[in-house]
Amino acid sequence: MDIKKNIESIRNDFPILSTSVNGNKLVYLDNAATSQTPNCVIDSISDYYKNLNSNIHRGVHFLSQKATEIYEETRFKFKKHLNANSTKEIIFTSGTTHSINLVANGFNNSLKAGDEIIVSSLEHHSNIVPWQMLCEKTGATMKVIPMNQEGELNLNAYEDMLSKKTKIVFVNHVSNALGTVNPIKFIIDKAHSFSAKVLIDGAQAIPHFKVDVNDLNADFYVFSAHKFCGPTGVGILYAKQSILEDFPPYQGGGEMIDEVTFEKTTYAELPNKFEPGTPNIAGVIASGIALDYINGIGLDNIKKYEDELLSYATQKLKTIKNLKIYGTSQNKTSVISFNIGDIHAYDIGSIIDNLGIAVRTGHHCAQPIMDYYKIPGTIRVSFCFYNNFDEIDKLVNALNRAVKMLS
Ligand code: PMP
């Protein structure tokens, strides 16, 4: 699909885009925080509760069987999209954060003092804190791959840090704060040459380009539905089957068991072993509809169009005096983090919010990146395929007005 030609009809799929804020039409540029929801996804949730609501995997009755069927078909959609080997490798969670905690927990018994794990300096807090907690429990130590001014990882330093002691490497595919696309194939291959496992946080990649976990040979790949037009409260964890078989369960409860007695419990087969309790059934099914929706537009078309938005917005923003962009890698998604002179990001964010423009200000849950640049935070604009060029013009005009008011 040619997005430029169809932009109006795409925008019409998203009811929230016609919202007004203080009498101005909403310009939503905070897509890295969460993307907006198209009618087909909203309808899927409403349809579930109107026509399908029941608990899955347990009832013999019609509704339960139908809901189970659609829930499992959704698992198959994600397996196919990611090119995983089996639906046993797809676990539904409540989000990227939950998925990372589940994986970190899996190493509780195998990691020990003297072992090392490696994180990148570009991570979201949710790909730092669970691992720090793991280090506290096990005595393992964490090393950090440094970054440069462009917001890229220092791969020589990474190679130097790898050793037989390295057990896990965890890196995001795309930085949420800067948009940098990390060379994860290289990172994965090097880690594997030391038999270390690799978790890729794909929260900011899945909405923007196609990902093939088989080709990448990632051990774990995690992301959230709400970043690609799905609902909140659904995460997808891809993990190699052999690893999940060896992992202990993360949480105990119904559905994840084979047999329970007061003496002993045996666990269910994959994927149920990691999905205790009643899952977010409506949300999972709607996430599958969101996946169909973005695939209907085509991820290659999305990438091409968002690259154009990125380059137009970068040029336009550079016309603003004293504007400094953080994250200038050649390989980045449609995210621009910046500050203007020494004006506080929050002040600008508040003024342009009054004009109906939604951006994110602050540290973007990536404080180590802000520490590196010695700044408290940035203004971040992040585009989705439903944004248009007119919205970028509105952003730049609003920023110019804000600067005038604050200088
Ligand atoms: N990692 C990255 C790179 C993110 O952008 C986010 C969301 N901002 C997360 C992890 C956490 O995702 P969630 O809040 O959906 O668990």
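These notebook entries record what I looked up in a predicted model.

**Entry 1: the nonpolar cores**

I began with the largest nonpolar core, which has 106 residues. Within this core, I noted that Tyr221, Phe338 and Phe385 touch the most other members. I then looked up which element supplies the largest share, and found helix α10, residues 281-297, with 10 residues. I also recorded a second, separate core of 26 residues. Among its members are Ile91, Ile100, Phe107 and Leu244.

I next listed the contacts of Tyr221, leaving out residues up to four places away in sequence. Tyr221 touches His173, Ile184, Ile200, Gly202, Ala205 and Ile206, among others. The list also includes Val211, Val213, Leu216, Ile236, Leu237 and Tyr238.

**Entry 2: aromatic rings**

I found 21 aromatic pairs in the structure. I examined Phe14 and Tyr293, whose ring centres are 5.8 Å apart. Their planes stand at 75 degrees, and over 60 degrees counts as edge-to-face, so I entered the pair under that heading. Phe14 lies in the loop between α1 (3-12) and β1 (20-21), whereas Tyr293 belongs to helix α10, so the pair ties together parts that are 279 residues apart in sequence. I noted that Phe14 and Tyr293 are both buried.

I then turned to Trp131 and Phe170, with ring centres 4.2 Å apart. Here the planes are at 20 degrees, and the cut-off for stacking is under 30 degrees, so this pair is stacked. Trp131 sits in helix α5 (residues 129-138) and Phe170 in strand β7 (residues 166-172), so the pair ties together parts that are 39 residues apart in sequence. Trp131 and Phe170 are both buried.

I also recorded one aromatic cluster formed by Tyr71, Phe78, Phe92, Tyr221, Phe223 and Phe228. Tyr221 thus appears in this cluster as well as in the largest nonpolar core.

**Entry 3: Ala104**

Is Ala104 buried or exposed? I found a relative accessibility of 3%, and the limit for buried is under 20%, so Ala104 counts as buried. Ala104 lies in helix α4, residues 96-106. Leaving out residues up to four places away in sequence, I found that Ala104 touches Pro130, Trp131 and Leu134. I also looked up its separation from Lys394: the two are 290 residues apart in sequence and 43 Å apart in space, C-alpha to C-alpha.

**Entry 4: the ligand**

Which residues surround the ligand? I listed Gly95, Thr96, Thr97, His124, Ser126, Asn176, Asp201, Ala203, Gln204, Ser224, His226 and Lys227. I then looked up polar contacts. A polar side-chain atom of Thr97 lies 2.6 Å from a ligand oxygen atom. An N or O atom in the side chain of Gln204 is 2.6 Å from an oxygen atom of the ligand. For the side chain of His226, I recorded 2.8 Å between an N or O atom and a ligand oxygen. On its own the ligand has 400 Å² of accessible area, and the protein covers 85% of that.

**Entry 5: Ser121**

I placed Ser121 in the loop between β5 (116-120) and α5. Its relative accessibility is 13%, so Ser121 counts as buried. What does its side chain reach? I found the backbone oxygen of Ile145 at 2.7 Å and the backbone nitrogen of Met147 at 3.3 Å. Setting aside neighbours within four places in sequence, I listed its contacts as Val144, Ile145, Pro146, Met147, Leu153, Pro368 and Ile369.

How values were computed
Residues are numbered from 1 along each chain as its sequence is written. This is a predicted model: local features need pLDDT of at least 70, side-chain atom pairs count only at pLDDT 80 or more; totals for chains, interfaces and linings use all residues. Side-chain values use heavy atoms; hydrogens and water are left out. A nonpolar core is a set of buried Ala, Val, Leu, Ile, Met, Phe, Trp, Tyr and Cys residues joined through side-chain atoms within 4.5 Å. Buried means under 20% relative accessible area, exposed over 50%, partly exposed in between (1.4 Å probe, protein chains only). Helices (H or I, at least four residues) and strands (E, at least two) are DSSP runs, numbered from the N terminus. Contact means heavy atoms within 4.5 Å. Rings of Phe, Tyr and Trp (its six-membered ring) pair if their centres lie within 6.5 Å; planes under 30 degrees apart count as stacked, over 60 as edge-to-face and the rest as tilted. A residue is near a molecule or strand if one of its heavy atoms lies within 4 Å of it. A polar contact is a pair of N or O atoms within 3.5 Å; within protein, one must be able to donate a hydrogen and the other to accept it, and residues adjacent in sequence count only if both atoms are side-chain atoms. Accessible areas come from the Shrake-Rupley method with a 1.4 Å probe; for residues, only the protein chains shown count as cover.
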